[in-house]
Amino acid sequence: MTATDRNLWQAIVAEAIAHLTYTAYAQKAREEGHPEVAEVFEEIARAETLHGLSYLRLAGAVDSTAANLGKVIEGETREYTRTYPRMINDAMADGRAEAVAAFADAMEQEKEHQIAFSDALSRLHIQSDGEAVALLDDSPALYPPADTGPIPTGGEQPTLPLDLENYIDAALALDKEPFRVANLGRLREVVFGAQDGIISTVALTTSVAIAVGTTGTVLVAGLAAAAAGMISMAAGAYLGSRAEEDVREDAIARQIRELEEKPEEQLAELVILFQREGNTYDEAVRLANQIADNESLWLSTLLEKKLGISPDLGGNPLKDAAVMCVSFGSAAIIPIIPFLFLSVGWTTIGWSIGLSLGGLFILGLVKGRLVQKSPILQGLEIFGIGAVSAALGYGLGELLPRLLGF
């Protein structure tokens, strides 16, 4: 995109905002009994609209009627299936009941707009060709579209047997589910960081307490190990996540190139993928041709079905590193706490080991609940690992001084 193209789209956005703003100001002026001021706002709003229309044509955003209908159908569908459900969810979280109602009303209207545009496109196709035709005439026609039956030309459109409230709930659930799964995937960093923080620190503090027997030495060793572990674990998490993201971005870029250079081959792959899902050849051909009419949908379908990649849910190396750092540091302080208040002795060591094992057991309980597995078994698993680590730390504290002659 050239600098002029960017400037055109910035101007389009600015003119659209100005039109809406001046129209709202005009309505307010009429409400307050100032029709002459309202007329000024309305006249300038119309001028801003003319400017915006001119910029849209210069930007090449106005295509054939069929293509224009296709674009608005895609946009309206995205609005009522993704954008407004997300906005409603945010408004609910913010406690903005009026915004929830306004977004819900707009979402329902967007759905009606999509139906109206779809009906218009169907009638346009039938009027022009007498049969349904592909929206994008330049899409690869490697396979002829299978017979899909007549397209309804009247007002009969499929409707969901749901009231608005149920529809909103379903849309919100669909919009949130991928992010919920992605956040659960970050559970690895939380569990790994917290578990390593507790286990490595309790082993160290136990061995140092047994070997040296001075509180200051235990505290310095424990805090130094915690700080070093936080830096090391955060760096490792960042580099690992960054590598995964680089691989993902490279796979997406490669798939985009393949779509541009070998569209027929990619369409054939899509047909094969649909056949492997149990569709007949004709069904697979029809589905593939329908998806190929929308390049963004074509790309996302290939990424998800062929490569197992979601184009909308990339990694976040910085967040992964921060989660790992915080979880490790928060957990590593647990074995050190008793040494902040008590002198080194069997009681203090016992408290350190006991708090550590208790923290590990709770960590296992939380992990079990999140992954829908037995919390008790998960807790006992991590508890056992911690107990072994503490025993090893005790053994090292007893054995090393004798081996080294201290």
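**Figure 1. A close-up of F41, a partly exposed residue of helix α2 in this predicted model.** F41 has a relative accessible area of 25%, so F41 falls between buried and exposed and counts as partly exposed. Its ring partner Y25 also counts as partly exposed, here at 43% relative accessibility.

**Figure 2. The aromatic rings around Y25 and F41.** The structure holds 3 aromatic pairs. In one of them, the ring centres of Y25 and F41 are 5.5 Å apart and the planes meet at 65 degrees, so this pair is edge-to-face. Y25 belongs to helix α1 and F41 to helix α2, so the pair ties together parts of the chain that are 16 residues apart in sequence. If you widen the view a little, Y22 comes in too: Y22, Y25 and F41 form one aromatic cluster. For anyone who wants to check the geometry, a pair of aromatic rings is described by the distance of the centres and the angle of the planes.

**Figure 3. Helix α2 from end to end, residues 35–58.** How does the span of this helix compare with the 34 Å that its 24 residues should cover at 1.5 Å a residue? The end C-alpha atoms are 35 Å apart, which agrees. The buried residues of α2 are A38, A45, E48 and G52, and helix α1 (3–31) is included in what covers them. Just after α2, have a look at G60, where phi is positive at about 75 degrees.

**Figure 4. Helix α10, residues 295–306, and its surroundings.** This helix has 12 residues and reaches 16 Å from its first C-alpha to its last, close to the 16 Å expected at 1.5 Å a residue. Its buried residues are W298, L299, S300, T301, L302 and L303. Which helices help to cover these buried residues of α10? The cover includes α7 (215–261), α8 (263–276) and α9 (281–292). Just after α10 comes G308, with a positive phi of about 70 degrees.

**Figure 5. Q266 and its contacts.** Q266 lies in helix α8. Is Q266 buried or exposed? With a relative accessible area of 0%, Q266 is buried. Leaving aside neighbours within four places in sequence, Q266 is in contact with Q255, E258, L259, W298, L302 and K306. Two of these names may ring a bell from the previous view: W298 and L302 are among the buried residues of α10.

**Figure 6. The protein chain as a backdrop to the close-ups.** The secondary structure comes to 14 helices and 0 strands. Of the 406 residues, 33% are buried. Among contacts with a separation of 6 or more, 71% are between residues 24 or more positions apart. The accessible surface of the chain comes to about 23900 Å², and carbon and sulfur atoms account for 61% of that area.

**Figure 7. Confidence along the chain, with a view of residues 129–164.** The average pLDDT of the chain is 75, and 77% of the residues score at least 70. Among the elements, helix α12 (residues 337–341) has the highest mean pLDDT, 88, while helix α5 (residues 164–185) has the lowest, 51. Over residues 129–164 pLDDT stays under 50, and the model has 53 contacts beyond four places in sequence for this stretch. A friendly word of caution for this view: where pLDDT is low, the predicted coordinates should not be read in detail.

Methods: Residues numbered from 1 in each chain as written. Predicted model: local features only at pLDDT ≥ 70, side-chain atom pairs only at ≥ 80, totals over all residues. Heavy atoms only, no water. Helix = DSSP H or I, 4+ residues; strand = E, 2+ residues; numbered from the N terminus. Expected span 1.5 Å × (residues − 1). Buried < 20%, exposed > 50% of the residue type's maximum accessible area, 1.4 Å probe, protein only. Contact = heavy atoms within 4.5 Å. Phe/Tyr/Trp six-rings, centres within 6.5 Å; stacked < 30°, edge-to-face > 60°. Areas by Shrake-Rupley, 256 points an atom, 1.4 Å probe, with all protein chains shown as cover. pLDDT = per-residue confidence, 0-100.
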